[in-house]
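User: I am new to this structure and would like a close look at a single part of it, the sheet, with its surroundings described afterwards. Please take me through it step by step.

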Amino acid sequence: MPTSPSIATPTRGATAPTRILLADDHALVRRGVRLILDGEPDLSVVAEAGDGAEAIEMARAERPDLVILDIAMPRLTGLQAARELSRVMPGVRILMLTMYDNEQYFFEALRAGAAGYVLKSVADRDLVEACRAAMRDEPFLYPGAVTALIRNFLDRVKDGEDLPARTITEREEEILKLVAEGHSSKEIAELLVISVKTVERHRANLLQKLGLRDRLELTRYAIRAGLIEP
């Protein structure tokens, strides 16, 4: 009996490449960066812009997953564009790609909503991993930037300045740890001498603050935060 020709079907579980908008006022730089990114199966440059204002226009039209911005550009700088994109497209990830190894620009980039700061001098080494980190909602900082962050933190401690507020309260941290250890709401209430209703309220606040969905994700967060061992 003759066999019917096989029909190719898409691989199950395959994910679409990250769609990237690249903005730099030098066409030669854009070409080189595009070669790096398009050489990766999980990354795809879908649009280019030559200045910050055009980057915002293209981002609105193309709806990319990730925007890579040079800092020094005409009309609007990369920092100005990043601030506007963070406002009008809060879900888009942003990376700064720059020649400036400068603490002031670095901190301005973080304030503008950038998820990472990559130097052009090492773009061939760092940019691909920075893109992937951004899409995992993880920050990417070059070694000098990490040093700057630590120095800034230590200077603020020494000067007695207020440090950033904790994401969660001490009580919420206690409850998070107990939830991750597998305790029920009733058991947590008994251990902390509070009502079950209060435990449930704290757990709901934790999910909302941390952007998590369920007990499993709370447990994973607790492991990453060092509250429990995996």
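Analyst: What follows starts with the chain as a whole, turns to the sheet, and then moves out to the helices.

The model is a predicted one. Its protein chain holds 10 helices and 6 strands. Of the 230 residues in the chain, 37% are buried. Among contacts in the chain with a separation of 6 or more, 59% are between residues 24 or more positions apart.

The sheet is open and has 6 strands, with the order β2-β1-β3-β4-β5-β6 and parallel pairing. At its edges stand β2 (43-49) and β6 (140-141); each has a single partner strand, so one side of each is left without a neighbour in the sheet.

Take the β2 edge to begin with. There, β1 and β2 pair in the parallel sense, over 6 bridges. One residue pair shows how this register runs: Leu-22 has Glu-48 in β2 as its bridge partner. Strand β1 is mostly covered, with 5 of its 6 residues buried. As background, side chains in a regular strand alternate between the two faces of the sheet.

At the other edge, β6 is paired with strand β5 (residues 116-119), in the parallel sense and over 2 bridges. Here Tyr-117 stands opposite Leu-141 in β6.

Two helices that pack on the sheet can be placed next. Helix α1 (residues 27-38) touches β1 (18-23), β2, β3 (66-69) and β4 (93-98), and its direction makes about 160° with that of β2. Helix α4 (residues 103-111) also packs on the sheet; the strands touched by α4 are β4, β5 and β6, and its direction makes about 145° with that of β5. Strand β4 is therefore named in the contacts of both helices, α1 and α4.

A residue of α1 shows the packing in detail. Leu-37 lies in this helix. Its relative accessibility is 0%, and because buried means under 20%, Leu-37 counts as buried. Leaving aside neighbours within four places in sequence, Leu-37 is in contact with Ile-20, Leu-43, Val-45, Ile-68, Leu-127 and Cys-131. Among these, Ile-20 falls within the range of β1 (18-23), and Ile-68 within that of β3 (66-69). Leu-43 and Val-45 fall within the range of β2 (43-49). Leu-37 can also be placed relative to a residue far along the chain: Asp-124 is 87 residues away in sequence, while the C-alpha to C-alpha distance is 9.3 Å.

Now for pairs of helices. Helix α2 (residues 52-62) packs with helix α3 (residues 78-88) at an angle of about 25°, and their axes are 9 Å apart. The two are therefore roughly parallel to each other. Their crossing is right-handed. On the α2 side the contact is made by Gly-52, Ile-56, Ala-59 and Arg-60, and on the α3 side by Ala-81, Glu-84, Leu-85 and Val-88. Sorted by class, this contact of α2 with α3 has 5 nonpolar, 1 polar and 2 charged residues.

Further along the chain, helix α7 (residues 170-180) packs with helix α8 (residues 185-192) at an angle of about 135°, with their axes 10 Å apart. That angle makes α7 oblique to α8. The crossing of this pair is right-handed. Arg-171, Glu-174, Ile-175, Leu-178 and Val-179 of α7 make the contact with Ile-188, Leu-191 and Leu-192 of α8. By class, there are 6 nonpolar, no polar and 2 charged residues in it.

Helix α8 also packs with helix α9 (residues 196-210), at an angle of about 110° and with the axes 8 Å apart. That makes α8 roughly perpendicular to α9. From α8 the contact takes Ser-185, Lys-186, Ile-188 and Ala-189, and from α9 it takes Val-196, Val-199, Glu-200 and Arg-203. The classes here are 4 nonpolar, 1 polar and 3 charged residues. Ile-188 is thus listed in the contact of α8 with α7 and in that of α8 with α9.

One residue of α7 completes the picture. Glu-172 lies in that helix and, at 3% relative accessibility, counts as buried. Not counting residues up to four places away in sequence, Glu-172 touches His-202, Asn-205, Leu-206 and Lys-209. These partners fall within the range of α9 (residues 196-210).

Key
Residues numbered from 1 in each chain as written. Predicted model: local features only at pLDDT ≥ 70, side-chain atom pairs only at ≥ 80, totals over all residues. Heavy atoms only, no water. Axes fitted to C-alpha atoms, helices over the stretch in contact; angles between N-to-C directions. Helix = DSSP H or I, 4+ residues; strand = E, 2+ residues; numbered from the N terminus. Parallel < 35°, antiparallel > 145°, perpendicular 65-115°, else oblique. Left-handed = near helix turned anticlockwise from the far one by under 90°. Contact = heavy atoms within 4.5 Å. Nonpolar A, V, L, I, M, F, W, Y, C, P; charged D, E, K, R; others polar. Buried < 20%, exposed > 50% of the residue type's maximum accessible area, 1.4 Å probe, protein only. Pairing = 2+ DSSP bridges.
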